[in-house]
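Thank you all for coming; please have the sequence and the model open while I talk. I will go through the sheets, then the helices that pack on one of them, and finish with some local details.

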Amino acid sequence: MDGLEKGAGTVELIRRRLHDLRHAMRREAVIADTTCRLAAQRNVLPAEAAAQLARLSAESGMDLVEVARSLELDPEPVPSGEQDAVPSWVVSTLQAVHVSAAYLLPVHDPSGRVVDFTVAEANDVAADVTGRGRDYLLGGRVLLRTPGLARSGLFEEYLQVYETGRAFRRGPFEYVEVREGLLWPASVTVRAVRVEDGLLATWRTHDDEERLVAGWERAQRIAELGWAEWNLATGRALWTPQMYEMFGRDAREGPLGLDELPGMVVAEDQPLVREQMCALLADREAIESEFRVQQRHGVRHLRLVSEPVLDRHGLLVAIRIMAQDVTESRRRERALVRAHERADSEKERAERERQVATRLQDTLLPVRRGVLDLPGLRIALRYHPDEETGRIGGDWFKARPLPDGQVLIAVGDAMGHGLAAAGLMATMRSGLAGLAYTGAPADRLATWLNELMYHANPGITATGTAIIGHYRPADRVLSWVNAGHPSPVLIRDGEASLLEAEGGAMLGAFETMEYRLTTTPLKQHDLLLLYTDGIIERRGHDLEEGLRALLEAAADVDVRDDPEQSLDIILRRLGAERSDDDVCLLALTIL
C-alpha cells in the first residue's frame with residue numbers, strides 16, 4: 001500500500017471517528033435539552049427530571065434519547081404569580097458591567113424550594129456562549145435559555161450562592177452549552193453573588209483572538225510554535241499564523257480540517273499518524289508525536305502535542321494541538337546523538353554492574369534453597385533473585401548458632417537495586433554477623449547496625465529494613481526487633497496470623513535510633529515465616545492485599561509437613577516465583 005492509499009485510509013478513519021463523536025454530542029444535547037424542559041414544565045430540579053427520564057426509559061425499554069424525543073413538552077411554561085420587581089439600582093449597575101451580566105430571580109415549587117431562576121434583567125451586551133443576546137435571554141427561565149448550566153454543574157453553584165449568600169467564581173474553564181440539538185463548547189469565566197432576593201451573575205466568553213494574541217505571538221517567533229483548535233460541534237477551526245507557516249498554507253485559504261492533516265504527512269510516517277489519531281479520537285488520550293509533512297517549501301519536521309478537550313461528562317468536544325517546527329534544530333540533533341551514545345555507555349555500565357552485583361550475591365548467599373538444621377529449629381529457605389529484568393536487589397537472610405546457645409535469625413532488604421543495593425546488603429549482613437558475636441540482645445544489635453549504615457557512606461542515604469532476632473531453644477522463645485520490615489507470620493493450629501511488634505524506623509534513616517525488643521513464646525510444631533516484600537508486592541495491588549494473600553496461602557500449610565513443602569505451597573499460591581522483585585522466604589519449624 002503506497003502513501004496515498006495509507007493516507008486515504010487514515011482520512012476515512014478520522015471521518016468515521018468524527019461522525020461517531022458528533023452523533024454522541026447530538027445525543028447528549030437532546031437529553032440535556034429535554035431534561036431542562038421537563039424540569040421547567042414540572043417545576044422540579046434538573047436532577048429530579050433526569051431521574052424521571054431514566055425511569056421512563058427503564059419502564060418502556062426504550063433508549064433514553066428515544067424517550068426524550070417522544071415527550072411532548074411545552075416550549076416554556078407560563079410563569080405563575082407576579083414576578084418580583086428588579087431594584088432600580090440593580091438595573092443601573094448591570095449597564096455599568098462591561099461583560100455579560102444578568103439579574104436572576106428565583107422560581108419556587110409549591111413547597112417553597114428554589115428549582116429555577118428567571119432572567120429578570122440583563123445588560124445590553126449580555127449574550128450566551130452561542131451568541132444569542134439580551135432579547136433572547138430576558139424574561140426566560142434559566143434552565144430553558146441556557147441548559148448548559150445544568151449539564152456543567154453551574155446551576156447547582158447558583159443555588160448554593162442563593163441559599164448561602166457566598167459569592168462564587170470559576171474560570172476560565174470549559175463550558176458546553178446546548179443549542180439546536182448540538183453542544184457548543186467555549187472557554188468562560190463566571191461570577192455570581194446574591195443581591196437582595198435575586199442573583200447577580202456575570203460571565204465572559206474568552207474570545208479566540210484575545211486568548212491567542214497575548215500569549216502566543218511572541219512565542220511563535222522565538223520558538224517556532226503554533227497552536228490550533230478544532231471545535232467538533234461546529235467544525236470550525238482556529239489556527240495561529242505560525243501553523244500556516246509550518247504547513248506551507250496561505251492564511252487566506254483558512255485552516256485545514258482535522259481529517260485533512262494526514263494528507264500532508266509523508267508516506268513513511270502515515271502509520272504513526274493513524275495510530276495517534278486513534279488514541280486521540282477514540283481513547284481520548286493526549287499524545288505527543290513527531291512526523292514529517294510535505295509542503296510547498298519542502299519536507300518539514302514537526303513536533304505536535306495534541307490534547308482532547310472533554311466536557312464535565314467526559315465527552316470529547318474539541319481538539320487542541322501545539323506544534324513546533326524542529327527542522328532546523330541542529331542542537332537537538334546533536335543532543336540526541338550524544339544521548340544515544342550515553343545510553344549505550346550506560347547500558348554497558350549497568351550490565352557490568354549487574355554482573356558484579358550477581359557475583360557478590362552469589363558469594364554472600366551461595367545457598368538459595370534447601371534446609372538448615374539448627375538447634376531447636378529446622379529452617380527451609382527460598383531465595384529468588386529478579387534475574388529476568390536484571391534488577392539485582394538487596395534481599396538477604398542470616399541463620400546461625402551463637403556461642404551462648406541461641407540462634408541468630410534475621411532477614412532484611414537493602415533499598416534499591418544494582419551494585420549499590422548488593423554492596424549495602426553486604427554491609428548489613430556482614431555487619432550483623434560480626435556484631436552478633438558480642439552477645440548483645442537484638443535491640444542493641446539493631447541500634448549498632450543502624451549507626452553502621454548511617455555512617456557507612458557519608459553524603460549518601462543508605463537504608464534498609466530487617467527483622468533481627470535470637471531464638472532460645474531451651475524455652476522456645478524468640479526475642480526480636482522490627483526495623484521497618486514486613487511482620488513475620490506465625491502458623492499455629494491451622495491458623496495464620498501476623499506477629500505484632502513495636503516497629504522502629506528503617507536502618508540508616510536516622511543517625512540515632514532506639515529499637516524496642518519483643519519477646520514471643522513459641523510452641524513445638526509452630527511454623528514461623530520470615531520474608532521480604534517481594535512476596536507481598538504486586539504491580540497494581542497494595543500491600544494490604546498482598547498480606548491478605550500471604551495469610552490465606554499460609555493457612556493452607558500443614559505444619560506436620562516438611563518445611564520445604566510448606567514453602568512450595570505458599571510460593572505456588574502467591575505466584576511469587578514470577579515476582580517483579582527479589583523474593584526471600586524462610587520457614588522456621590519449631591522442634
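Before I come to a hairpin, I should say what pairing means here: two strands pair if DSSP finds at least two bridges between them. Please also keep in mind that this is a predicted model.

With that in hand, let us start at the hairpin of strand 17 and strand 18, which has two residues between the strands, and in which D493 takes a positive phi near 55°. The two strands themselves run antiparallel and are joined by four bridges, and if you look for V489, you will find that it stands opposite L498 in strand 18. Strand 17 also pairs with strand 20, again in the antiparallel sense, over three bridges, and there L490 stands opposite L528 of strand 20.

Now let us step back to the sheet that holds these strands. In what order do the six strands of this open sheet lie? The order is 11-12-21-20-17-18, and the pairing is antiparallel. At the edges are strand 11, residues 369–374, and strand 18, residues 495–498, each of which pairs on one side only. On average, neighbouring strands of this sheet are turned by 20° against each other, if we ignore direction. At the other end from our hairpin, strand 11 pairs with strand 12, residues 377–384, over six bridges in the antiparallel sense, and the bridge partner of V371 in strand 12 is A380.

Two helices come into contact with these strands, and I would like to take them in turn. Helix 15 lies across strand 17, strand 18 and strand 20, and runs at about 150° to strand 18. Helix 16 packs on the sheet as well, touching strand 11, strand 12, strand 20 and strand 21, and its direction makes about 35° with that of strand 12.

How do these two helices meet each other? As a reminder, two packed helices are described by the angle between their axes and the distance between the axes. The axes of helix 15, residues 543–555, and helix 16, residues 563–574, come within 9 Å and cross at roughly 140°. An angle over 145 degrees would count as roughly antiparallel, and one from 65 to 115 as roughly perpendicular; helix 15 and helix 16 are therefore oblique to each other. The crossing in which helix 15 passes helix 16 is right-handed. On the side of helix 15 the contact is made by A549, L550, E552, A553 and A554, and on the side of helix 16 by I570, R573 and L574. Sorted by class, this contact has six nonpolar residues, two charged ones and no polar ones.

Let us move on to another open sheet, in which five strands lie in the order 7-6-10-9-8, with antiparallel pairing. Its edge strands are strand 7, residues 237–239, and strand 8, residues 287–295, and each of them pairs on one side only. Here neighbouring strands are turned by 25° against each other on average, direction ignored. Strand 9, residues 298–310, runs antiparallel to strand 10, residues 316–325, and nine bridges join them; in strand 10, L316 is the bridge partner of L310. This sheet has a helix packed on it too, namely helix 11, residues 270–281, which touches strand 8, strand 9 and strand 10, and whose direction makes about 135° with that of strand 8.

Next, a word on charged side chains. How many salt bridges does the count come to? The count comes to 28, and one I would like you to find is that between the side chains of E48 and R113, at 2.8 Å from N to O. This pair links distant parts of the chain, 65 residues apart: E48 is in helix 2, residues 46–60, while R113 is in the loop between strand 1 and strand 2.

Last come some backbone details. Most residues other than glycine have a negative phi, and most peptide bonds are trans. Against that background, please look at N43, whose phi is positive, near 55°, and which is found in the loop between helix 1 and helix 2. R476 is not a glycine either, yet it has a positive phi of about 55°, and it is found in the loop between strand 15 and strand 16. Finally, the peptide bond that joins G171 and P172 is cis, with omega about -5°, and P172 lies in strand 3, residues 168–179.

Terms used
Residues are numbered from 1 along each chain as its sequence is written. This is a predicted model: local features need pLDDT of at least 70, side-chain atom pairs count only at pLDDT 80 or more; totals for chains, interfaces and linings use all residues. Side-chain values use heavy atoms; hydrogens and water are left out. Axes are lines fitted to C-alpha atoms, for helices over the stretch in contact, and angles run from 0 to 180 degrees between N-to-C directions. Angles under 35 degrees count as roughly parallel, over 145 as roughly antiparallel, 65 to 115 as roughly perpendicular and the rest as oblique. A crossing is left-handed if the near helix is turned anticlockwise from the far one by less than a right angle, and right-handed if clockwise. Contact means heavy atoms within 4.5 Å. Ala, Val, Leu, Ile, Met, Phe, Trp, Tyr, Cys and Pro count as nonpolar, Asp, Glu, Lys and Arg as charged, and the others, Gly among them, as polar. A salt bridge is a side-chain nitrogen of Lys or Arg within 4 Å of a carboxyl oxygen of Asp or Glu.
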